[in-house]
Amino acid sequence: MLPSQNLLHTAVLALTVLQALASDTFIAAVYEHSVILPNATDKPVSPNDALMLMNKNMDVLERAIKEAALQGAHIIVTPEDGIYGWRFTRETIYPYLEDIPDPAVNWIPCINPTRFSPAPVQERLSCIARNNSIYVVANTGDKKPCNSSNHDCPSDGRYQYNTDVVFDPEGKLVARYHKYNLFRGETQFNYPKEPEIVTVETPFGKFGIITCFDILFREPATVLVSKLQVDTVLFPTAWMNVLPFLTAVEFHSAWAMGMGVNLLSANTHNINASMTGDGLFTPEGPAAYRYDSKTEEGRLLLAELSSRPRLSPTYPPSVNWSLYATSIKKFPEEKDTFAKAVQRDIFTFSELGYTAGNRTVCQGDLCCHLVYQMSGKSKDEVYVLGAFDGLGGSLIKYHWQICTLLKCKSTDLNTCGQPVEMAQTKFEMFSLSGTFGTNYVFPEVLYSEVQLAPGEFEVLHDGRLKSKHGTSKPLLTATLFGRLYEKDPPHPLRTSV
């Protein structure tokens with residue numbers, strides 16, 4: 001870089017920092033990337049071919065990052081798997097990995113690319129951040145050699161990690177995070193020996209970083225929020241939507257509200273794999289979000305967010321999630337209940353046989369209470385109140401408590417709990433509560449066509465999830481999604497392969 005260019009860059013960076021310091025808000029961006037995938041192969045490609053594929057994806061990401069910077073964004077988050085995709089074995093992903101150093105080395109790859117082993121991906125990401133004076137969050141792969149004679153070292157003599165990196169507006173590597181909770185099928189990667197708690201101090205708040213499946217677990221997600229008091233969580237993800245409770249925009253918005261932080265959620269976009277949905281979520285609800293299961297294009301989202309949401313006058317008050325429900329004496333438990341699976345989890349359901357009323361359903365230690373009034377109920381639709389208290393998930397189990405007002409797929413009660421995206425019935429009011437054994441409860445309201453309901457519901461201090469003035473669109477589900485982290489089984493054995 002020429003001296004005059006250096007001076008210009010320094011001036012632009014200084015102005016950016018001063019602007020951030022002078023404001024209680026910042027502009028954040030996320031990009032939902034339609035990833036260019038490698039060809040399926042059982043044999044590793046050459047390093048040159050791997051880099052060629054990664055550069056194609058980084059070409060797309062660079063255009064999005066430039067556009068975000070031009071619109072004033074201070075930071076942009078890009079998706080998990082956004083640089084090389086998926087479809088890998090442990091061997092075939094190796095050409096795509098780089099040795100990513102500890103950020104304590106104080107390294108700007110764009111200026112000094114040969115300081116460590118060849119790292120063209122880190123160099124390019126660094127230059128993109130530096131040339132656009134913006135924080136860049138990206139997901140890539142880290143490799144670390146180890147002595148194969150050690151019992152925990154893989155037989156091929158290396159660890160491989162699903163890794164997030166953060167480059168600051170100077171292009172300096174300021175954060176590296178190894179994903180701790182690997183999703184099923186991520187056999188190409190190793191578990192870190194211990195959960196990594198990674199934060200980034202910026203002029204516009206304290207950031208924490210996690211990846212995809214991490215969001216469902218105590219470590220590192222709740223540790224960042226509850227103990228380290230981060231303001232904003234950076235969240236690269238490759239989220240496969242699972243109705244009725246784990247659709248990306250639905251759960252990620254609910255998590256930000258339940259945890260009281262900003263969540264910058266950047267998803268991959270692949271409708272064949274049911275991957276879509278990203279957004280900029282706040283404690284008050286979504287600032288911007290997108291759910292598109294019909295087109296193949298990526299999308300850039302931007303929004304102005306509070307730098308330190310806990311200091312905001314609109315920050316939601318603390319909630320006692322079981323206060324109201326445990327005080328109820330007058331609603332006897334329903335006798336006409338039935339059991340049906342949501343995915344693999346067996347819920348206890350009770351049909352809402354009337355257009356208005358009170359209902360109570362219990363399972364285990366959880367009782368769920370509902371007061372409701374439907375508006376123009378369709379005769380072709382059935383709604384139920386459901387409760388679940390137990391271990392959820394498939395290969396990796398986790399304990400949750402769920403109270404849900406749910407539309408069934410059809411009038412056949414056997415379809416209750418199956419995925420459904422369309423509804424016709426609106427509600428004049430609903431009030432949902434439960435006897436939760438946890439403070440970690442996430443409120444979800446999902447309308448027909450997988451639309452959120454910003455500003456149309458509220459959570460009272462006594463734990464009730466209530467509609468404000470009726471639903472403006474037909475309702476798919478209203479849910480209180482609780483996590484009992486202390487009842488989770490042990491973390492999967494972090495053995496090497």
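## Asp 164 and its partners

A polar contact of 2.4 Å links the side chain of Asp 164 to that of Thr 211. This comes from a predicted model. Asp 164 has another polar partner: its side chain contacts the side chain of Asn 139 at 2.9 Å. Asp 164 sits in strand 4, which covers residues 158–167.

Is Asp 164 buried or exposed? Asp 164 is buried, yet it has no salt bridge. Lys 179 is the nearest side chain of opposite charge, and it is 8.5 Å away. A salt bridge needs a side-chain nitrogen of Lys or Arg within 4 Å of a carboxyl oxygen of Asp or Glu. Set aside the neighbours within four places in sequence, and Asp 164 touches residues that include Ala 138, Ala 175, Arg 176 and Tyr 177. Ile 209, Ile 210 and Pro 236 are also among its contacts.

## The annotated active site

Which residues does the UniProt annotation "active site" cover? According to that unreviewed entry, they are Glu 80, Lys 179 and Cys 212. They span 133 residues in sequence, but no two of their C-alpha atoms are more than 10.4 Å apart, so they gather at one spot.

Now take the burial of each residue. Glu 80 has a relative accessible area of 3%, so it is buried. Lys 179 counts as buried at 1% relative accessibility. Cys 212 counts as buried too, at 8%.

## Glu 80 and Lys 179 up close

Glu 80 lies in the loop between strand 2 and helix 3. Lys 179 is in the loop between strand 5 and strand 6. Where do these two residues meet? Their side chains are joined by a polar contact of 2.9 Å. The side chain of Glu 80 also makes a polar contact of 2.8 Å with the side chain of Asn 162.

Look next at the wider surroundings, leaving aside neighbours within four places in sequence. Glu 80 is in contact with Lys 179 and Cys 212. Its other contacts include Asn 139, Glu 186, Thr 211, Pro 236, Ala 266 and Thr 268. Lys 179 is in contact with Glu 80 and Cys 212. Among its other contacts are Asn 162, Glu 186, Pro 192, Thr 211, Phe 213 and Asp 214.

Some names come back from the section on Asp 164. Thr 211 contacts Asp 164, Glu 80 and Lys 179. Asn 139 contacts Asp 164 and Glu 80.

## Helix 4 and what it packs against

Helix 4 runs over residues 218–227. Which of its residues are buried? They are Pro 220, Ala 221, Thr 222, Val 223, Leu 224 and Val 225.

These buried residues pack against four strands and a helix. The strands are strand 5 (173–178), strand 6 (199–202), strand 7 (205–209) and strand 8 (232–237). The helix is helix 5 (248–259). After helix 4 comes Gln 229, with a positive phi near 55°.

## Five disulfides

How many disulfides does the structure hold? It holds 5. A disulfide is a covalent bond between the sulfur atoms of two cysteines. Count the bonded cysteines along the chain, and the pattern is 1-2, 3-4, 5-6, 7-8, 9-10.

One of the disulfides joins Cys 110 to Cys 127, with an S to S distance of 2.1 Å. Cys 110 lies in the loop between strand 2 (75–77) and helix 3 (120–132), and Cys 127 lies in helix 3, so the pair ties together parts that are 17 residues apart in sequence. The torsion about this S-S bond is about 105°, so the disulfide is right-handed. Cys 127 is buried, at 17% relative accessible area.

## Two further links

Cys 362 and Cys 367 form another disulfide, with S to S at 1.9 Å. The torsion about their S-S bond is about 105°, so this link is right-handed. Why is Cys 362 called buried? Its relative accessible area is 14%, and buried means under 20%. Cys 367, at 22%, is partly exposed.

Cys 408 and Cys 416 are joined as well, with S to S at 2.0 Å. Their link is right-handed, with 90° about the S-S bond. Cys 408 counts as buried at 0% relative accessibility. Cys 416 counts as buried at 1%.

Conventions:
Residues numbered from 1 in each chain as written. Predicted model: local features only at pLDDT ≥ 70, side-chain atom pairs only at ≥ 80, totals over all residues. Heavy atoms only, no water. Helix = DSSP H or I, 4+ residues; strand = E, 2+ residues; numbered from the N terminus. Buried < 20%, exposed > 50% of the residue type's maximum accessible area, 1.4 Å probe, protein only. Lys, Arg positive; Asp, Glu negative; His and termini not counted. Polar contact = N/O pair within 3.5 Å; in protein donor to acceptor, adjacent residues only side chain to side chain. Contact = heavy atoms within 4.5 Å. Disulfide = S-S within 2.5 Å. UniProt positions renumbered as here; feature names shortened; annotations may be inferred.
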